[in-house]
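Biologist: I am new to this structure and would like to learn how to read its features one at a time. Could you take me through it slowly?

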Amino acid sequence: MNNEALILHEQTVHTKTNFGFWLYVMTDCILFASLFATYAALRGNTADGPSGQTLFDLPYVLAETLVLLTSSFTCGLAILATNRQHKTQAISWFAVTMVLGLSFLALEVNEFAHLAQIGAGWQRSGFLSAYFTLVGTHGLHIVVGLVWMTIMLYQLLQRGFTAGVRRRLSLLSIFWHFLDVIWIFIFSIVYLLGVLPS
Amino acid sequence: MSRVSHTSKPLEQHSSGTLSLYLSGFIMSVVLTLAAYLAVTTHVASTGVLIAIVAMLATVQFLVQLFYFLHIGSGRNARWKIIALLSALSVVFIVVGGSLWIMYNLNYHMTPSDIHKYLNEQGGGI
């Protein structure tokens, strides 16, 4: 293949892979929809245990939210550096994104541990089972995103900006932005609406 | 082919943003997050109105991130991505709306005495 044909081929592969990954993200939306539906149906079923109004610490959750939102932004900056093929900048921004992602995860694990400690674990009530399943599934996605980012940083260091590495980095950024989109709804529906008096 | 031959970085213009796009998306998201947070923590309105405010702000932030971070509507496969998104959203609404509707009706038609009577008829009882 000559150079032009190669570029065209890479573009086609990129467009197809991008769409395929988008379809996966859409199925993930449906997974989260079913968990949101379960949570919404069970949020009042506290079995005389604590409700969201007494459990949720909004300033803490706001901090979690802003950390994740900032990581979504720095992930975008990493992609801009990738497009410019600026290796040091790309690696730095992905590293910042990872640190923020890890901080979010640490805050969430700490929150879960606190809830379990005060007797508000997932086995306490239907409300808490649904809460831990929904928020925990999001947290699990964050873990997957961080593992993926670690692998991509390694590939970026080893191979540089090959077409494959750039393609996977752009998919990773879609995944990471998507997790922030899901978090908007967890923050709004679970936490903000969870503390309102009914 | 002439369009392609001018591009030295083939993947660059494909559904990727610019600094100003990411920056404005980030600032808008922070403002929307803080607005929803402050509306709830300062109790600016009754519960019913607050639910509407939070839902509206979440929807706006969803659209902001969709355009500014996920660049929906750009790239060669933009149309199919929007179609996939719309069909996924319709499934989301049916799953969430349908579940809530069913559970609401279940609660509406089942008073505690109904449950008691039902369990007694089954030979159980509370």
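**Pocket, cavities, helices and cysteines**

Modeller: Domain 1 (17–71) and domain 2 (78–126) of chain B both give residues to the lining of the largest pocket, so the pocket lies between them. The domain bounds come from an automatic or database domain assignment, and the C-alpha centres of these two domains of chain B lie 28 Å apart. Please keep in mind that this is a predicted model, in which local features need pLDDT of at least 70 and side-chain atom pairs count only at pLDDT 80 or more, while totals for chains, interfaces and linings use all residues. Residues are numbered from 1 along each chain as its sequence is written, chains are lettered from A and ligands numbered from 1 in the order in which they are written, and side-chain values use heavy atoms, with hydrogens and water left out.

Biologist: How is a pocket defined, and how much space lies in the largest pocket?

Modeller: On a 1 Å grid over the protein atoms alone, a pocket is an open set of points with protein on both sides within 12 Å along at least five of seven lines, whereas a cavity is a set of points where a 1.4 Å probe fits but cannot get out; lining residues have an atom within 4 Å of a point. Grid points are joined across faces, edges and corners, and a volume is the space filled by probe spheres set on the points. Here the largest pocket holds about 1,200 Å³ of space. Its lining has 43 residues, and those closest to its centre are A:Phe185, A:Ile189, B:Val92, B:Phe93 and B:Val96.

Biologist: Which elements give two or more residues to the lining of the largest pocket, and how do its residues divide into nonpolar, polar and charged?

Modeller: Helices (H or I, at least four residues) and strands (E, at least two) are DSSP runs, numbered from the N terminus. In this pocket, the elements giving two or more lining residues are α1 (3–42) and α6 (163–192) of chain A, together with α3 (47–68) and α4 (78–109) of chain B, and α1(A) gives the most, with 11 residues. For the chemistry, Ala, Val, Leu, Ile, Met, Phe, Trp, Tyr, Cys and Pro count as nonpolar, Asp, Glu, Lys and Arg as charged, and the others, Gly among them, as polar. By that scheme the lining of the largest pocket has 36 nonpolar, 6 polar and 1 charged.

Biologist: How many cavities of 30 Å³ or more does a search of the whole structure find, and what lines the second largest cavity?

Modeller: The search finds 3 cavities of 30 Å³ or more, and the second largest cavity holds about 50 Å³ of space. Among the residues lining this second largest cavity are A:Ile184, A:Phe187, B:Leu32 and B:Gln61. At least two residues of that lining come from each of α6 of chain A and α2 and α3 of chain B, and the lining divides into 6 nonpolar, 3 polar and no charged residues.

Biologist: Where are the helices of chain B, and which loop residues there have a positive phi?

Modeller: Chain B has 5 helices and 0 strands, in the pattern α-α-α-α-α along the sequence. B:His43, in the loop between α2 (19–41) and α3 of chain B, has a phi near 50°, a positive value in a residue other than glycine. B:His71 lies in the loop between α3 and α4 of chain B, and its phi is likewise positive, near 50°. Buried means under 20% relative accessible area, exposed over 50%, and partly exposed in between (1.4 Å probe, protein chains only). B:His71 counts as buried because its relative accessibility is 7%, and buried residues make up 29% of the 126 residues in chain B.

Biologist: How far does helix α3 of chain A reach from its first C-alpha to its last?

Modeller: The expected span of a helix is 1.5 Å times one less than its number of residues. Helix α3 (residues 58–83) of chain A has 26 residues and reaches 38 Å, close to the 38 Å expected. Because 21 of its 26 residues are buried, α3(A) is largely enclosed by the rest of the structure. Just after α3(A), A:Gln85 takes a positive phi of about 60°.

Biologist: Why is the sulfur of A:Cys75 not bonded to that of A:Cys29?

Modeller: A disulfide is a covalent bond between the sulfur atoms of two cysteines, and the cut-off used here is a pair of cysteine sulfur atoms within 2.5 Å. The structure holds 0 disulfides over all chains. The closest cysteine sulfur to that of A:Cys75 is in A:Cys29, 17 Å away, which is too far for a bond. A:Cys75 is buried, with a relative accessible area of 0%, and A:Cys29 also counts as buried, at 18%.
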